[in-house]
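Me: I have a two-chain model open and want to go through it with you. Can we start with how the chains pair up?

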Amino acid sequence: MAKRSGGPSNTEIDMTPMIDMTFQLITFFMFVMNFSEAEQDDRIQLPSSQLAKPADGVIEKPITLQLTNAGAVIYAGELVAVRDIGAYLEREKTLMIDENREPNSATIIVRADGRAKTGEVQDIIRICQEKGFERFALRAQYDDRR
Amino acid sequence: MARRSSTGLTDKVEINMTPMIDVVFQLMSFFMCTLKVVAPEGDFDIRMPIAAAAAAAPDDQQIPPVRVKLSAGPDGSLASIAMNGTPVADFDELRKRIIGLVGADSGPNSLAEKTEVEFDADYALKYVNVVKAITAVSGKVENGQVVELIRKIKFTPPKKG
């Protein structure tokens with residue numbers, strides 16, 4: 001029977017494949033990571049559309065209003081009633097004027113839940129119009145099924 | 001002067017990999033924990049100044065908007081579609097009617113570019129139906145390519161009740 005060496009053996013593990021794989025994983029995660037600051041709330045189930053292709057450029061300083069199924073607006077992370085968003089938009093408008101920007105140059109991104117009432121989306125648009133905003137982006141999930 | 005080893009063999013320099021592996025694994029854990037899989041989203045751009053219809057002077061060159069009426073059932077589902085007062089069976093037929101009206105050409109100065117669609121939807125109608133209607137009038141996908149139709153879209157003021 002073969003006898004094992006009595007002294008402590010210095011077994012060297014080749015770490016190269018593991019390090020290679022780990023770096024590849026890091027690279028993968030860095031590429032798929034979403035660095036955009038777009039407001040996306042999981043409570044909103046966007047309707048899908050084949051024509052809602054992602055925008056080529058970045059919308060500069062947009063105002064995102066997210067309408068839930070229950071008819072509340074998520075604005076800057078807090079729940080607001082549709083009729084109350086006027087006060088928040090007024091504040092946005094004041095800030096824009098301070099920055100020498102016209103309210104009609106800003107884009108309002110409307111992320112409305114597919115189950116929400118159309119009238120509530122229209123109410124949001126009407127309140128925005130009353131505050132001087134006129135550019136809207138109705139957001140939908142891109143559906144790439146052919 | 002110090003003399004190098006006279007054995008003739010090259011010395012094997014061992015680098016301590018442990019700190020690097022620690023950092024790399026921490027980086028990987030960070031990326032794995034912060035990864036948020038987000039479905040791609042796109043926009044339908046609409047420019048709707050307030051009371052534009054009332055403020056705008058009548059223009060002989062202006063094409064009257066195509067009026068699409070979307071009626072809701074008691075549960076907010078889509079009950080009926082009508083284009084300029086004529087009933088339409090579904091969104092595919094709506095798209096065909098739009099193509100029949102403005103043609104397939106959507107280039108500069110085309111009829112599709114000049115025409116505007118005004119959506120008149122019931123207050124309680126589920127918003128998903130409006131997005132389907134916007135999709136039907138704004139274009140179609142042919143052999144993987146998007147063919148644009150009407151880009152000017154507006155809504156009638158909301159009517160509660």
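Me: Which strands are joined by bridges between chain A and chain B, and which way do they run?
Reply: Strand 6 (residues 135-142) of chain A and strand 1 of chain B are joined by 7 bridges and run antiparallel. Strands pair if DSSP finds at least two bridges between them. Helices (H or I, at least four residues) and strands (E, at least two) are DSSP runs, numbered from the N terminus.

Me: What stands opposite Gln141(A)?
Reply: Glu41(B), in strand 1 of chain B.

Me: Before I go on, what are the ground rules here?
Reply: This is a predicted model, in which local features need pLDDT of at least 70, side-chain atom pairs count only at pLDDT 80 or more, and totals for chains, interfaces and linings use all residues. Residues are numbered from 1 along each chain as its sequence is written, while chains are lettered from A and ligands numbered from 1 in the order in which they are written.

Me: And the scores? What are ipTM and pTM?
Reply: The model has ipTM 0.77 and pTM 0.76. For chain B the mean pLDDT is 81, with 85% of its residues at 70 or more. pLDDT is the predictor's confidence in each residue, from 0 to 100.

Me: Which elements of chain B have the lowest and the highest mean pLDDT?
Reply: Helix 2 (residues 52-55) of chain B has the lowest, 50, and helix 5 of chain B the highest, 92. Where pLDDT is low, the predicted coordinates should not be read in detail.

Me: Back to the contact. How many residues does each chain give?
Reply: Chain B gives 42 residues and chain A gives 44. Residues are in contact if their C-beta atoms, placed from the backbone, lie within 7 Å.

Me: Which elements of chain B give two or more residues to that side?
Reply: They are helix 1 (18-34), strand 1 (41-47), helix 5 (127-138) and strand 6 (139-142) of chain B. Strand 1 of chain B gives the largest share, 7 residues.

Me: How does that side of chain B divide by residue type?
Reply: It has 28 nonpolar, 7 polar and 7 charged residues. Here Ala, Val, Leu, Ile, Met, Phe, Trp, Tyr, Cys and Pro count as nonpolar, Asp, Glu, Lys and Arg as charged, and the others, Gly among them, as polar.

Me: Now chain A. How many helices and strands?
Reply: Chain A has 3 helices and 6 strands, in the order α-β-β-β-β-α-β-α-β from the N terminus. Of its 146 residues, 29% are buried. Buried means that 20 or more other C-beta atoms lie within 10 Å of the residue's own; exposed means 12 or fewer, partly exposed is in between, and C-beta atoms are placed from the backbone.

Me: What does strand 2 of chain A pair with?
Reply: Strand 2 of chain A runs parallel to strand 5 (residues 107-112) of chain A, with 5 bridges, and antiparallel to strand 3 (residues 72-75) of chain A, with 2 bridges. Leu67(A) has bridge partners in both: Ala112(A) in strand 5 and Val73(A) in strand 3. Strand 2 (residues 63-67) has 4 of its 5 residues buried.

Me: What sits between strands 2 and 3 of chain A?
Reply: There are 4 residues between them in a hairpin, and Gly71(A) in the turn has a positive phi of about 90 degrees.

Me: Why does Val73(A) count as buried?
Reply: Because 24 other C-beta atoms lie within 10 Å of Val73(A). Leaving out residues up to four places away in sequence, Val73(A) touches Leu65(A), Gln66(A), Leu67(A), Val80(A), Val82(A), Ile85(A) and Ile124(A).

Me: Ile124(A) is in helix 3, right? How many residues of that helix are buried?
Reply: Helix 3 of chain A has 10 of its 13 residues buried, Ile124(A) among them. After the helix comes Gly132(A), with a positive phi near 100 degrees.

Me: Last one. Which residues have the most contacts inside the largest nonpolar core?
Reply: Val110(A), Ile124(A), Leu70(B), Val130(B), Ala133(B) and Val137(B), in a core of 55 residues. Helix 5 of chain B gives the largest share of this core, 8 residues. A nonpolar core is a set of buried Ala, Val, Leu, Ile, Met, Phe, Trp, Tyr and Cys residues joined through C-beta atoms within 7 Å.

Note on methods
Contact = placed C-beta atoms within 7 Å.
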